[in-house]
Amino acid sequence: MNKVKCECGHVNPFGTVLCESCGKPVEENDDQKELLNMRYEGVARRSQTYTTTFIDKIWMFFSSVKVGIWIIVLTLVASIFGTIFPQEMYIPSNVRPETHYAEEYGVLGQIYYQLGFHNLYGSWWYMALIAALGVSLIICSLDRVVPLYRALKTQRVTRHENFLKRQRLFGTSNVNNVDGVLETVKARLEEKKYKVREENGNLLAEKGRFSRWGPYVNHIGLIIFLMGCMFRFFPGMYVDENMWIREGEVMVVPGTNSKYYLGNESFTLELYDEEDELFAEAIERAGGAVAKNYETEAVLYERDPGATVGATSELQEVARHNIRVNDPLSYEGLSIYQIDYKLHEFSVMSFTLNKKETGESLGQIDVDLNNPEDKYDLGNGAKVILREYFPDYELNEQNVPSTRSRVPDNPGFIFEMITPETPEGEISFVAVQQNLEPLGENQYEMKFADLETTHVTGLTVRKDYTLPFLFVGGFIFMVGLIQGSYWAHRRVWLQRVNGEVWIAGHTNKNWSSLHKEIDEAIAETGLGSPSDQLEEKEKNSEREKKLGKDKGGTNE
């Protein structure tokens with residue numbers, strides 16, 4: 001597109017409303033009286049000048065403030081929906097999300113789950129909203145700040161007459177000794193912290209230009225903050241996972257890509273003394289024993305990078321700490337907190353294979369409830385095959401055995417018993433206080449013999465490399481907010497025109513304060529105070545309306 005050359009000689013980009021140098025309206029007549037729209041200095045914005053190609057239309061769409069506001073509204077509404085019921089990360093780990101929401105919250109909970117609101121903040125469409133908001137902020141800022149910076153940088157001291165008289169604050173005066181008057185006004189404005197430039201005997205006093213960048217500093221802070229939010233979904237940047245680890249167990253730390261392992265050497269629980277009069281009443285209200293302290297003697301291991309994933313034989317101890325509530329094990333940005341515990345969880349169940357008629361035992365098997373074997377050989381041709389294992393046994397809606405979770409709270413087993421007398425095998429279903437023979441009467445049975453339990457500690461693993469982005473983004477946003485709220489960009493032009501001194505002023509807010517500063521600067525110099533043309537226009541409009549009403553009343 002062709003550039004536009006002003007009569008002052010400055011070449012402006014196509015779409016410019018006011019010449020970037022002298023301020024002359026590019027396509028308006030000099031006799032027009034409307035005040036100038038100085039919001040963006042009349043500069044050419046890309047979104048308003050390039051509108052034909054597909055990229056131009058995308059730029060136009062995201063540069064719109066209305067579009068940005070709608071994206072913010074949609075994001076807020078979606079976030080509100082995400083708080084109606086707890087997110088999946090906050091429900092118990094031993095329940096199924098698809099049944100939990102329906103059982104706890106009824107039909108609304110089921111709809112909530114089916115629509116995907118249970119995992120809202122990690123969903124692709126919520127991330128798309130965040131990304132769209134970031135793109136909108138970037139394009140909005142570039143579309144305005146680059147041409148605005150260019151216009152403010154290239155502005156001349158001497159401005160076109162039509163630019164001056166169409167400012168909100170404007171006045172003309174005839175004075176003697178113009179040079180002395182302007183020198184006095186210049187000194188007074190400099191005392192008020194204005195930066196004064198002089199050209200051909202004309203003055204431009206300016207201060208607070210940096211406040212014009214406040215909204216764009218806000219945008220930078222928001223963009224960095226949104227980047228921090230999105231980085232939470234990048235592997236290794238953010239971890240907030242729970243883990244349950246039994247005494248004597250070593251398991252991989254979730255969220256570390258199998259780099260770190262944690263060992264639980266022992267778990268200690270200390271209760272308040274029920275006979276202590278100081279705590280007796282509180283313990284009674286709690287309905288039983290109250291934990292005074294519980295801690296995990298933990299060891300953090302690091303896997304050799306060259307070792308096989310899952311191989312615990314090549315682990316190197318890197319940290320050791322007794323994890324208590326609010327006293328985590330911390331290592332290289334990784335923190336492991338104590339949050340819960342479970343006493344006497346089923347660990348090993350022992351059964352004997354007995355002949356029902358005589359009670360004779362053919363041997364005993366020990367089933368590790370967390371890692372059961374498929375086959376147990378008792379010798380002399382007798383063996384037990386574990387066909388099905390249900391750690392937390394229940395009958396589902398189809399009346400078929402299933403498990404609620406992997407935690408062995410209510411173990412159930414389907415055993416196949418093979419003996420020399422029954423080489424074809426017999427099937428037995430065994431659960432707590434249940435011993436069923438689903439395929440008919442058996443000659444042999446699996447009889448409960450012993451139970452071993454262990455303590456389990458509940459830990460939460462946290463790592464957050466996004467906090468610096470959130471803090472820096474929030475800090476920059478506040479700087480921009482203060483920058484744009486507590487300062488104003490003020491400009492005062494004093495120009496010699498046909499033997500007169502013209503005064504014009506502009507600010508982006510606090511017009512009365514600017515008017516007052518101009519009056520103080522020109523006091524006792526013979527220069528007249530500039531008038532507020534907007535206020536005069538409003539007063540004239542009200543006066544005309546009043547006269548119209550009076551005439552109408554007289555005619556009646």
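Which helix does Val65 lie in? Val65 lies in helix H3. Hi everyone, let me start there and then walk through the rest. One caution before I go on: this is a predicted model.

So, helix H3. H3 covers residues 65–81, and Phe81 lies in it too. Val65 comes out at 42% relative accessibility, so it counts as partly exposed. Phe81, at 38%, also counts as partly exposed. Both of these residues belong to a nonpolar patch on the surface, together with Ile69, Trp70, Val73, Val77 and Ile84. The area of that patch is about 640 Å². While we are looking at Phe81, please find Tyr112 as well: the two are 31 residues apart along the chain, and 8.9 Å separates their C-alpha atoms.

Now let's move to charges. Side chains of opposite charge can pair when their charged atoms come close. In this model the count of salt bridges comes to 32. I picked three of them for today.

The first on my list is between Glu34 and Lys537, whose side chains meet with an N to O distance of 3.4 Å. This pair links distant parts of the chain, 503 residues apart: Glu34 sits in the loop between strand E2 (11–12) and helix H1 (46–49), and Lys537 sits in helix H12.

Next comes Arg246 with Glu345, a salt bridge whose closest N and O atoms are 2.6 Å apart. Here too the partners come from distant parts of the chain, with Arg246 in strand E6 (residues 238–246) and Glu345 in strand E12 (residues 334–355), 99 residues apart. Are these two residues buried or exposed? Both Arg246 and Glu345 are buried.

My last pick is Glu317 with Arg320, where the N to O distance is 3.2 Å. Glu317 has a relative accessibility of 41%, which means it counts as partly exposed. Arg320, at 45%, counts as partly exposed as well. Coming back to Arg246 and Glu345, salt bridges that share partners join those two with Glu249, Lys342 and Asp409 into one network.

Staying with charge, let's return to helix H12. That helix spans residues 533–555, and Glu538 is found in it. On the surface, Glu538 gathers with Glu535, Glu536 and Glu542 in a patch of negative charge. How accessible is Glu538? Its relative accessible area is 45%, so Glu538 is partly exposed.

Finally, some strands. Please look at E14 (residues 375–379) and E15 (residues 382–390), which run antiparallel and are joined by four bridges. In that pairing, Lys375 stands opposite Ile385 in E15. E14 and E15 form a hairpin with two residues between them. What is special about the phi of Asn380 in the turn? The phi of Asn380 is positive, at about 55 degrees.

E15 also has a partner in strand E18 (residues 412–418). How many bridges do E15 and E18 pair over? They pair over seven bridges, in the antiparallel sense. Along this pairing, Lys383 stands opposite Ile418 in E18.

To recap, we have seen a nonpolar patch that includes Val65 and Phe81, a buried pair in Arg246 and Glu345, a negative patch that includes Glu538, and strand E15, which pairs with E14 and with E18. Thanks for listening, and I'm happy to go back to any of these in the viewer.

Notes:
Residues numbered from 1 in each chain as written. Predicted model: local features only at pLDDT ≥ 70, side-chain atom pairs only at ≥ 80, totals over all residues. Heavy atoms only, no water. Patch = residues over 30% accessible without salt bridge, like charges linked within 9 Å, V, L, I, M, F, W, Y side chains within 5 Å. Areas by Shrake-Rupley, 256 points an atom, 1.4 Å probe, with all protein chains shown as cover. Salt bridge = Lys/Arg side-chain N within 4 Å of Asp/Glu carboxyl O. Lys, Arg positive; Asp, Glu negative; His and termini not counted. Charge placed at Lys NZ, Arg CZ, Asp CG, Glu CD. Buried < 20%, exposed > 50% of the residue type's maximum accessible area, 1.4 Å probe, protein only. Pairing = 2+ DSSP bridges.
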